[in-house]
Amino acid sequence: MDGSRPLRVLAIEGTAWAASAAVFETSDPTRPDDERVEIYTDAYEPDSGGIHPREAAEHMHETIPEVVANARETAREWADESGGVDADSHDGDARQPSDDDRRSREASPIDAVAFSRGPGLGPCLRIVGTAARATAQRFGVPLVGVNHMVAHLEIGRHRSGFDSPVCLNASGANAHILGYRNGRYRVLGETMDTGVGNAIDKFTRHLGWSHPGGPKVEQRARDGEFVDLPYVVKGMDFSFSGIMSAAKQAVDDGEAVEDVCFGLQEHIFAMLTEVSERALSLTGSGQLVLGGGVAQNDRLREMLREMCDQRGADFYAPEPRFLRDNAGMIAVLGAKMYEAGDTISIEDSAIDSNFRPDQVPVTWREADDWTADGDSVRLDDTAVQGAEATVTIEDGTVSKRRNPRAYRHDRLDSRLRRERTRLEARLTSQARRVGVPTPVVEDVDPDRGRLVFEHVGDRDLRANPTESRVRAVGRHLATIHDAGFVHGDPTTRNVRLSADRTYLIDFGLGYFTDDPEDYAMDLHVFDQSLTGTADDSDSLIAAAREAYRASSSDPGPVLDSLEAIEGRGRYQ
Ligand SMILES: C[C@@H](O)[C@H](NC(=O)OP(=O)(O)OC[C@H]1O[C@@H](n2cnc3c(N)ncnc32)[C@H](O)[C@@H]1O)C(=O)O
Ligand SMILES: Nc1ncnc2c1ncn2[C@@H]1O[C@H](COP(=O)(O)OP(=O)(O)OP(=O)(O)O)[C@@H](O)[C@H]1O
Ligand SMILES: [Fe+2]
């Protein structure tokens, strides 16, 4: 550290299984060098079954005092090393401490106490909140309330030095992909049911294995061979329930456990990698960071790295101690928030077990944007690279080829390319038959993943998101739902505009269904993409909804289901 006093933050984490405290010391919290961090963690390991909230809270109650005492001691030692607790205040402190503040800080080895406010298990969070308030009061320093999921993201951004990455959080209770825009982390896509780690842990409970299951599945998968399982991606959202039931069934039917473990990882991680690639494509970002406990998995990291290599993006995953739940990541984000003056009073420091990452005003970053257009990458004069395919435009026709993805297992890759190509041809034509403008399909070759279409429109909806165009999309979705199928990926990029028509393209994720929840997912994907595209997205979303209601033959169950999807707590 240089001559001035470093910033020192003590942090406490305890959202579920990890009773953890850390000290973080830095000369500049915006940069990853000239810093040190020490983490003390006491893990709760259930005797049987999964994490039991009451037992987890008992564990917190018993172990938090000790890990916090360890962190306090380290803070004290570091303060002594850097010239004692009464040295100069560190440089660049954004807050103006009061005299009282200053007096108590002089006696304090730390500048702030950060803690996980949520999401997580209520009884655990309350114990952490109480410990954090007591520690802050004891040293007379401010309290910083940290969102645990944003911390999983920020630790990767901090340590990589990337400026504006997309982030995949693959943790126990969550799975989502985040991008930064206009002062918030936006949820670009997320699990529609359980978190990814919890999904794997439920499968291993079915086998009678102890918690946590993720590392055991990884171990067994090393000797396994591929088995086919369901693969469910809807836009940038995804679901694990179907694949998990199928995996349990496969084991019950006598399939070798190591093969099911291998197949499970190949499917689940390919889903996460595919949505990450889509998010990179949508945001135009060339950087991906990974966070969360499941991110310790070598196969997941390998797939993400291969995907990024293939598209020329940078990839970063922090070391394992910062991936699983830990107070180090809370301290690092806590320091950035403290530096930005983002502290809370004791009265406002209540925990929030459903705290979503997009609720957090991001005070510690410039209000920059993603490359905004996130245009398909132009390869040359006639070819563009979409999220999934290479598209070549010549003489009024469009050739689309789904290229093999090196990160996906060969069998899964060829299955997906074949199925999607076949469905895309079929649904594009079907939509036109029921009156929705789509390009004419001129040729299809599922084995090569190739399609030839009529060229339509002169720009996409992202470039021109007006209310009347958005309404047209609402009507078109109602029409195809009435005809018994979904689009599967109705983003603003998959809507092409000509002077008088609004075309839907790219039906490759569509399928036939009569479930209102599937229809609602189409609307949800469209809403999310409007949020990612336009600044005045609320009025556009309302316009699309209204047009859908007016055109659909039975909008009630769909809109009810949409409300349920959008209000769904993900922390199960
Ligand atoms: C809200 C908070 O409490 C929650 N925390 C959490 O889920 O713990 P975390 O440490 O991020 O992740 C634990 C999960 O990570 C999985 N896991 C650990 N090592 C793994 C591995 N090598 N492969 C796959 N999964 C692994 C475990 O099976 C478990 O489901 C969260 O971040 O969602
Ligand atoms: N029939 C068409 N007429 C005009 N342009 C088209 C047509 N089909 C595709 N395009 C252009 O090519 C881009 C990529 O096509 P498409 O969406 O089908 O592929 P993709 O790989 O699934 O991409 P994305 O993930 O961007 O949706 C589109 O955004 C559009 O600009
Ligand atoms: Fe976590």
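Two residues are in contact if their C-beta atoms, placed from the backbone, lie within 7 Å. With that in hand, take aspartate 201: leaving out residues up to four places away in sequence, it touches Gly50, His211, Pro212, Gly213 and Gly214. Keep in mind as you look around that this is a predicted model.

## Three domains

The chain splits into domain 1 (7-154 + 324-356), domain 2 (156-322) and domain 3 (377-567). Notice that domain 1 is written as two stretches of sequence. Between the centres of domain 1 and domain 3, taken over C-alpha atoms, there are 45 Å. An unreviewed UniProt entry also marks residues 108-331 as "domain: Gcp-like". Over residues 108-331 the chain is 48% helix and 19% strand, and the C-alpha atoms at the two ends are 17 Å apart.

## The cores

The largest nonpolar core has 116 residues, and Val9, Ala11, Ala22 and Ala331 touch the most other members. Helix H8 (residues 257-283) gives this core its largest share, 13 residues. Where does this core sit? Domain 1 and domain 2 both give residues to it, so the core lies between them.

Pick out alanine 11 to see what that looks like up close. Setting aside neighbours within four places in sequence, alanine 11 is in contact with Ala21, Ala22, Phe24, Ala114, Phe115, Ala327, Ile330, Ala331 and Gly334. Apart from this core there is another one, of 32 residues, including Val436, Leu477, Phe526 and Ala547.

## Around ligand 1

Now move to ligand 1, which has 26 residues around it; Ser171, Gly172, Gly197, Gly214 and Gly293 come nearest. Helix H5 (196-206) and helix H6 (214-221) are the elements that give two or more residues to this shell, and H5 provides the largest share, four residues. By class, the shell has seven nonpolar, 15 polar and four charged residues. Domain 1 and domain 2 each supply at least three residues to the shell around ligand 1.

The UniProt record (unreviewed entry) has a "binding site" annotation too, covering Asn169, Ala170, Ser171, Gly172, Ala173, Asp201, Gly214, Glu218 and Asn297. Let's compare two of those residues with a few from elsewhere. How enclosed is each one? A residue is buried if 20 or more other C-beta atoms lie within 10 Å of its own, exposed if 12 or fewer, and partly exposed in between.

| Residue | Place | Other C-beta atoms within 10 Å | Class |
|---|---|---|---|
| Aspartate 201 | helix H5 | 24 | buried |
| Glutamate 218 | helix H6 | 19 | partly exposed |
| Aspartate 252 | helix H7 (residues 241-252) | 9 | exposed |
| Asparagine 182 | loop between E7 and strand E8 (184-190) | 11 | exposed |
| Aspartate 506 | loop between strand E22 (502-504) and strand E23 (511-512) | 27 | buried |

Not counting residues up to four places away in sequence, glutamate 218 touches Asn297, Asp298 and Arg299. Asn297 is also one of the residues under the "binding site" annotation. As for aspartate 252, it is 45 residues from leucine 207 in sequence and 9.3 Å from it in space, C-alpha to C-alpha.

## A look at helix H5

Why call H5 largely enclosed by the rest of the structure? Because eight of its 11 residues are buried. The buried ones are Val196, Gly197, Asn198, Ala199, Ile200, Asp201, Phe203 and Thr204. They pack against strand E6 (166-170), strand E7 (175-181), H6, H7 and H8. After H5 comes glycine 208, with a positive phi near 85 degrees.

## Backbone oddities

The loop between H5 and H6 holds proline 212, and a cis peptide bond joins histidine 211 to this proline, with omega about -5 degrees. Another cis bond links glycine 118 and proline 119, with omega about 0 degrees. Proline 119 lies in the loop between strand E4 (112-118) and helix H3 (122-139).

Two residues from the table have a positive phi without being glycine. For asparagine 182 phi is about 50 degrees, and for aspartate 506 phi is near 65 degrees.

## Around ligand 2

Aspartate 506 turns up again at ligand 2: 21 residues surround this ligand, and the closest are Gly386, Ala387, Ala389, Pro439 and Asp506. Strand E15 (389-394) and strand E16 (397-402) each supply at least two residues of the shell. Sorted by class, the shell around ligand 2 has nine nonpolar, six polar and six charged residues.

Methods:
Residues are numbered from 1 along each chain as its sequence is written. Chains are lettered from A and ligands numbered from 1 in the order in which they are written. This is a predicted model: local features need pLDDT of at least 70, side-chain atom pairs count only at pLDDT 80 or more; totals for chains, interfaces and linings use all residues. A nonpolar core is a set of buried Ala, Val, Leu, Ile, Met, Phe, Trp, Tyr and Cys residues joined through C-beta atoms within 7 Å. Domain bounds come from an automatic or database domain assignment. A residue is near a molecule or strand if its C-beta atom, placed from the backbone, lies within 6 Å of it. Ala, Val, Leu, Ile, Met, Phe, Trp, Tyr, Cys and Pro count as nonpolar, Asp, Glu, Lys and Arg as charged, and the others, Gly among them, as polar. UniProt positions are given in the numbering used here, feature names are shortened, and annotations may be inferred rather than shown by experiment.
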